[in-house]
Each structure stands twice: as C-alpha cells, then as structure tokens.
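Morning, everyone. I have one structure to walk through, and I'll keep it brisk. Please bring it up on your screens.

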Amino acid sequence: MAVTAHAKLDARKLRADFPIFEHDIRGKPLAYLDSAVSAHKPRQVLDKLRNFYETSYANVHRGVYTLSEVATAEYEGARDKIARFINAPASRELIFTHGATESINLVAYAWGLDNLGPGDVVVVTELEHHSNFVPWQYIAKRTGATFKAIPLDDHGELQLDALGEIEQAGNVKVVANNLVSNALGTINPIEKLSAWAHERGAIMVVDAAQAAPHHAIDVQELGCDFLAFSSHKMCGPTSVGALWGRAELLEAMSPFNLGGHMIRSVKLEETTWGQIPFKFEAGTQPIAEAVGFGAAVDYLTDIGIGAIEEHERELLVYALEKLAEVPGLTAYGPAPERRAGIVSFNLDGVHPHDVAQILDMDGVAIRAGHHCCQPLMAKLGVAATNRASFYLYTIPEEIDRLADGLQKAHKLLA
Ligand code: 7TS
C-alpha cells in the first residue's frame, strides 16, 4: 500500500467520543491499557447500533417488504465497506462470522478436512494466538497431516531459515501466521511467507485480529489466500468478525455451518449450496453487529489507520523508555519499528496477576496471563506476562500512571 501523508491524530480529542472514559474506576479516571484484548466503543458506533434497531431493523435477505430491504442494504453496505478496508477484490469474498476465531475454524474445517491428509504439512508459528494454532493442530491430527511450527528467535521474530527443515517433513499445504502478534506486537513478514507458501502450492492463512485495528491491510499486497479479523478489537460490536478468502477457493470449499439461507435448493435426496458469501452465512447473522462493524470501519477510516499506527508507535517508544526505568523489569519483543503498540513484560519476582491487581487499585487496566499464547510463553521460559496495549484513545499520562504503578509494585512485592 502506498505511504500517504496523514494528519496526526489527537487522542485527547478522540477520547471525548468514548463514553467509557466518563466513568471512574475505584474513584480514579480509567487508564485502559488493554485494547489488544478488546477496544472501547465510540458514540459513532453506539449511535449507529441504536439508530439501526430503532429505524431500520429486520432480518436480511428474507423479506420482500421495505424494512427488510432497508436492513439488507445496511448489512450489505457494511460488507462493502469492510471489504474495501482490506482492499479485497470483491465484496462477495468477505464473509461475516462471529469473529477471528470462527473465521479461522471455518478455513481449518471447510478447507482443511477436504484438502489435508497423510504426507501433507501444516505450518504455523510459535507466535500464534491459540485461535490460529489449536484449530490447525486439531485438523492436522484428524486428517493425518504433519503439524509444524516456525520457531522464534530471542527477539520474538520468526526464524525463517528454519523453513528449509520444515519442508523436509512433506508437502506443505497450509501456512498460517498472524500479521501482528497479540503477545509481543511483532509485525510478521506475511508477503515473504505467502510467496514461500505459493511456491510450494500451499495456501496462506493470515490471522489479522491484531493487525486490522492498528495497521493498514491490503490482502492483494499481502498475497494471502484467507484473512481473519474481529470487529470488537476495532471499536466495533462484539460477536461479529470477518473472513476474507479468494473467490475461487471459497467457491470450491464445502460449507462450514449448515442450515437456513446457505442453500440453493433442498430436496429429500440432496441439498445444493448457495453462492458465496451466503454459502458460509447459515442462519440469522449478527445483523446489527455487522452494521455496527461497518460504522467502526468508517470511524477508523476517518481517523486514518496510518495516523493510528503512528500514534501507537510514539506511545510504544515512550512506554519502553518509561518501563526501562522500573527496577527488575524485563520487556519482551522486537524493536519499535517492527511492532505494534503492545508491550509484554515481567517484574522480577512478582507474579503478573499481582502486578495487574496493584495497578487496578489505581484505575490502570492491563492484561496478565499467557495471552492465549502458551507455546510462546514456553519459549520465553515464563508461565505468564503482563501486557499493556495502546489504541487511538491512549494518552501518555496513562503510560506515566502505568510506570508509577509498576514502581509501586516493585517496592511492595519484589
Ligand atoms: N488472533 C489474535 C492474534 C488475537 O489477538 C485474538 C484475540 C484472536 C485471534 C481471537 O480473536 P476473537 O475475537 O475471535 O476472540 N486476542 C486476545 C488477546 O490478546 N488476549 O485475549 C484475547
């Protein structure tokens, strides 16, 4: 994607869009440093949801009456926007799902069960969220395929020189990797992996759950075959997400969920499937949520993903400086220019949950745990880490409060 000049983002002004910041936590202003787990919602999205339910709601693609047509236009309009947001060649390649997890399961089951077998190799990485690890491990086991993971180096970067050994294991059929790691923030070399996968006749599956909120996505430049993401991490509603896939692959695939609306015809002897994307949208969809997802994409597009990424990088650099002043703190992850606004760290001798609880007393919300990345934790030699993550509404004062809280935790507990 071409680098375009963009206006700098004003996080202080944007915060006014988010009603959550009007509420104190334990008598203190909320410092929400856990946007990687889920982002807060601006009025623009909340208003859209209310307005849609109040004026335009009906089931979609089912009624011939006006209200159903209005609702269908809103739902399909959201699909068009979201498809454009990732530069998909066609809107029909964008399937609404319940989120990134379901999107990846859809590919693993619907593509994997029919295309994998003994002698084939499924390649993931040690940096995957469980959502892009467990489905592939499971489907590999069920089909008799070999399951391999690209290892990480000490900076949390993929060791691509291990690919030569990995391909010795058989016919590489799938490569699955996140574009941005949820635990370390690493931005991964998807273009390179896509090219490597395609040279071997494999498909490239990208988990963009952490990328879509913070990093411009162009599926055509990435050269991938499938891309999964969730609305709730992008200021949109929960319970909706998307899977983009190349039309020819989606058309050749069996359905994932079966039931109403995904069929062409149903007879006692046989059922045939509808066109994409409807073949993969069985039953009543999260309709208002999809419309809200569209509003979230409008919100992010108006601010500019480039401006969001730049803002987070400034915060990241600032946070790494502040955290370096905390005694006994180990930070994990690559250099700031190779990563999104995510910092994982540990305080020597203090359990991450205790750190997070001390911070919570001051209204600072961070995540503590394995971040659904147990293979990565094993690699780092820890059971868990603390993680602070930033978004368009994060301001430097919140990072100061994080650093102050960590100094306090060190004094109290280390
Ligand atoms: N992939 C990545 C890279 C993620 O960060 C997450 C959720 C998912 C997939 C799953 O997304 P979902 O919307 O289907 O749940 N990430 C996190 C996290 O960082 N901490 O808890 C969940």
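How far is an oxygen atom of the ligand from an N or O atom in the side chain of His-232? The distance is 2.7 Å. Before I go on, a caveat: this is a predicted model.

Two further side chains belong with that one. Take Thr-101 first. An N or O atom of its side chain sits 2.6 Å from a ligand oxygen. Then Asp-207. Here the partner on the ligand is a nitrogen atom, and a polar side-chain atom of Asp-207 is 2.5 Å away from it. How much of the ligand does the protein cover? On its own, the ligand has 490 Å² of accessible area, and the protein covers 88% of that.

Now the wider shell. There are 15 residues around the ligand. The ones that come nearest are Thr-101, Asp-207, Ser-230, His-232 and Arg-387. So you have already met three of those names. By class, the shell splits into seven polar, four charged and four nonpolar residues.

Next, the site itself. Which pocket holds the ligand? It is the second largest pocket. That pocket has about 330 Å³ of space. Its lining counts 25 residues. Closest to the pocket centre are Thr-101, His-129, Ser-131, Ala-209 and Lys-233. Note Thr-101 again: it is on this list, and it is also among the residues that come nearest the ligand.

What is the lining made of, by class? Polar residues number 13, nonpolar seven and charged five. And which element gives the most to that lining? Helix α4, residues 100-115, with three residues.

Two backbone points to finish, both in loops. If you are setting up this model, here is where to look.

First, Pro-277. A cis peptide bond links Ile-276 to Pro-277, with omega at about 5 degrees. Pro-277 is in the loop that runs between β12 (271-273) and α10 (287-303).

Second, Asn-87. Its phi is positive, about 55 degrees, although Asn-87 is not a glycine. You will find Asn-87 in the loop between α3 (66-85) and β4 (94-97).

To recap the site: the ligand sits in the second largest pocket, and the protein covers 88% of the ligand's own accessible area. That's my slot. Over to you.

Notes:
Residues are numbered from 1 along each chain as its sequence is written. This is a predicted model: local features need pLDDT of at least 70, side-chain atom pairs count only at pLDDT 80 or more; totals for chains, interfaces and linings use all residues. Side-chain values use heavy atoms; hydrogens and water are left out. A residue is near a molecule or strand if one of its heavy atoms lies within 4 Å of it. A polar contact is a pair of N or O atoms within 3.5 Å; within protein, one must be able to donate a hydrogen and the other to accept it, and residues adjacent in sequence count only if both atoms are side-chain atoms. Accessible areas come from the Shrake-Rupley method with a 1.4 Å probe; for residues, only the protein chains shown count as cover. On a 1 Å grid over the protein atoms alone, a cavity is a set of points where a 1.4 Å probe fits but cannot get out, and a pocket is an open set with protein on both sides within 12 Å along at least five of seven lines; lining residues have an atom within 4 Å of a point. A molecule sits in a cavity or pocket if more than half of its atoms lie within 2 Å of its grid points. Ala, Val, Leu, Ile, Met, Phe, Trp, Tyr, Cys and Pro count as nonpolar, Asp, Glu, Lys and Arg as charged, and the others, Gly among them, as polar. Grid points are joined across faces, edges and corners, and a volume is the space filled by probe spheres set on the points. Helices (H or I, at least four residues) and strands (E, at least two) are DSSP runs, numbered from the N terminus.
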